[in-house]
Amino acid sequence: MSELRKRPPRQQVPEEKRSVAESNRKALLHSANSKKSTSKLEFGASDGDVAASLQRTHNMLSQQLPHMKDIHSTIVDDGESLKKTKTDQFGSLGSKIGNAGAAFRMLRMQEEWNDIVLGFSLTFYACCVFYVIWTRIPIFSLIHLVF
């Protein structure tokens, strides 16, 4: 168990790599500190650049506004025409579905009626066969006399 917890030994970093890393770190810290200590004149110049950029953005957006209004009206018109087409198509389809449903119900009722008629026909046929056998075969009349 103690063998599993042992870590491999650390590799020693050469002195050259350590000094290069420290010099890079110092350069980064120095550039960060120099950016923090900018003068007011430099900061004011960047404000002018930001204002110009915002003005260009405002002009570009104001030019695009009529175009976007046209696109919006086109989308609204197309949406209305799609809704109208949908209601027209489903309206005619709905009446056809309703007619098909009524026809299906009528077929089902006709099938049930045919089943009832077939049942009565088979019962009547069985009664007729029984009557014919009862009257033609004398053994049934003997049974009648015994009981």
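**A nonpolar patch on a helical chain**

Let's start at the surface, where Tyr125, Val129, Ile133, Ile137, Ile139 and Ile143 come together as a nonpolar patch with about 520 Å² of accessible area between them. Keep in mind as you look that this is a predicted model.

Where in the fold does the patch come from? Two helices, H2 (residues 40-136) and H3 (residues 138-146), each contribute at least two of its residues. H2 gives the largest share, with 3 residues. Ile137 is placed in the loop between H2 and H3. Is Ile137 buried, partly exposed or exposed? Its relative accessibility is 36%, so Ile137 counts as partly exposed, because that class covers values from 20% to 50%.

Now step back to the whole fold. The protein chain holds 3 helices and 0 strands, and reading along the sequence gives the pattern α-α-α. Of the 147 residues in the chain, 0% are buried. For a residue to be called buried here, its relative accessible area would have to be under 20%. The accessible surface of the chain adds up to about 14500 Å², and carbon and sulfur atoms account for 64% of that area.

The cysteines deserve a visit too. How many disulfides does a search of the whole structure find? The search turns up 0. Cys127 takes part in no disulfide, and the nearest cysteine sulfur to its own, that of Cys128, is 7.0 Å away. Why is there no bond for Cys128? Its closest cysteine sulfur is the one in Cys127, and a separation of 7.0 Å is too far for a bond, because a disulfide requires the two sulfur atoms to be within 2.5 Å. Cys128 has a relative accessible area of 32%, so this residue is partly exposed.

Finally, a word on confidence, which is worth having in view as you work with the coordinates. The mean pLDDT of the protein chain is 76, and 69% of the residues score at least 70. Among the elements of the chain, helix H1 (residues 15-36) has the lowest confidence, with a mean of 66, whereas H2 has the highest, at 84. That same H2 is the helix that supplies the largest share of the nonpolar patch.

Definitions and conventions: Residues numbered from 1 in each chain as written. Predicted model: local features only at pLDDT ≥ 70, side-chain atom pairs only at ≥ 80, totals over all residues. Heavy atoms only, no water. Patch = residues over 30% accessible without salt bridge, like charges linked within 9 Å, V, L, I, M, F, W, Y side chains within 5 Å. Areas by Shrake-Rupley, 256 points an atom, 1.4 Å probe, with all protein chains shown as cover. Salt bridge = Lys/Arg side-chain N within 4 Å of Asp/Glu carboxyl O. Helix = DSSP H or I, 4+ residues; strand = E, 2+ residues; numbered from the N terminus. Buried < 20%, exposed > 50% of the residue type's maximum accessible area, 1.4 Å probe, protein only. pLDDT = per-residue confidence, 0-100.
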